Amino acid sequence: MAIQHKVYPAESADIKHFVSGEKKKNDHYLHAVIRFNSQINEQLLTQAVEATLSALPLLSCRYVEIDEKAYWEEAGWTGKDMVHVTIPDDAEVSIQKNLTVKLDEKIGPQLSITIVRENHQDTLAIVLNHMICDGGGFKDYLYLLSDCYSKLAEHLPIPVPLIADPLARSIHQVFDVMNEQQLKQIKSAQLTKYEQSEKDWLPLTGDERNPFVLTQQIDALQFDRIKDYTKEKGATINDALFAAYICALTDTLSANPIVLDCPVNLRAYLPSGAQPGFCNLTSNITCVVPNHVGATFDEALTSVKKVMDEEKGSLEPLRVYWDLEEAYQTHPLAKAKQIFPTIYSIPVNGMTNIGIVDERNLKFADLYIRDVFISGSIKYAPYFQIAVTTFRKKMTFSTNFHGTDEDKQWLDVFVKNMIHYLPRP
């Protein structure tokens, strides 16, 4: 008698990321690095991963496509399959290697954590399938994982259940709390789309065989200066990041206007206190700002703030999800996947501000965390994205790209130039 494996429905957002991977826009994986000043207990970490499976069962599943629908099927993977230890000759080379691995979603598991050990100091290189959740969900998962590790280390019971409803993954958890007027606005929203050409492309060659993660950082003093400066201008840190990005792109591109992808966290539409499962609840707005040749950072900041203020409160980002869900629910899978790229089309250049990683929530027992960053998927040329994470007021700018060594050198200079535009102490 055949064993019946538990299955979970694949959501339209899951498939959206899978299609982006198939179309070689990005590799649809999320990445994180956590650096400790000592060694983590790998047995406890393995047990902690195992404990989180009750909240995120898809980690141990494989992704399955059939004629009509797609779903996740339990494949029996355990924490031992997801946690590995390596003691390399060169820790940084090993971190890069293990941070840029490609998981196989159709086999599983959907999570890889490599403990890179050097001189009694460990670094976690973590890769998670973006089909399962977005950057906000990934950050919440790391909080949950660290909490389970801490409880195991302190011989405390792990709550059951870990989260209220692990299967609350559908976009309908947002739509279902909308009133009739809001739903009407969503259905009638006109999406902002701009035709893009090589004028919008950065001068990158690309190399599918060579993925890398490049990082730059600014310290707490500069973070405080940016925060104070933007407050004086009635703007936000996010506005400042986009303004600096606009300035750096203006130095490089002849395109006018500059068109950027700006992710939007749809959790803001949920009722206060609502806890979704681990899922993709990020949509996008298109930030369109005039080319600022010869303009100052302040002028760019004013332009970005104007665009962002106009977008606040807009239900336009939900239109994409409405259309994706409708296509997925009304068409066979193969047809829906053909339709998806016509619905979900993002600008070639983008930035995602993953925000603050709270050290009070990311705590592995008594281990001291030296540094953390989270970044998105690894882009293929001409697509490009910068991800920003803040930890203890230190900002990490992460660039994930499949490219040549020359691309890496060029991007290193580009990101440094962008940071140069930001206010300094």
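Before sorting any lining, I fixed my classes: Ala, Val, Leu, Ile, Met, Phe, Trp, Tyr, Cys and Pro count as nonpolar, Asp, Glu, Lys and Arg as charged, and the others, Gly among them, as polar.

Ground rules: this is a predicted model, where local features need pLDDT of at least 70 and side-chain atom pairs count only at pLDDT 80 or more, while totals for chains, interfaces and linings use all residues. Residues are numbered from 1 along each chain as its sequence is written, and side-chain values use heavy atoms, with hydrogens and water left out.

Pockets next. I took a pocket as an open set of points on a 1 Å grid over the protein atoms alone, where a 1.4 Å probe fits, with protein on both sides within 12 Å along at least five of seven lines; lining residues have an atom within 4 Å of a point. Volume is the space filled by probe spheres set on the points, joined across faces, edges and corners.

The largest pocket came out at about 1,000 Å³. I found 45 lining residues, with Pro263, Val264, Asn265, Thr282 and Thr352 nearest the centre. By class they are 14 nonpolar, 20 polar and 11 charged.

The second largest pocket holds about 260 Å³. Its lining has 15 residues, and Arg35, Glu92, Gln96, Thr215 and Phe373 sit closest to the centre. I sorted that lining into 8 nonpolar, 3 polar and 4 charged.

Last, I looked for disulfides (cysteine sulfur pairs within 2.5 Å) and got 0. Why is Cys148 unpaired? The closest cysteine sulfur, in Cys133, is 15 Å away, too far for a bond.
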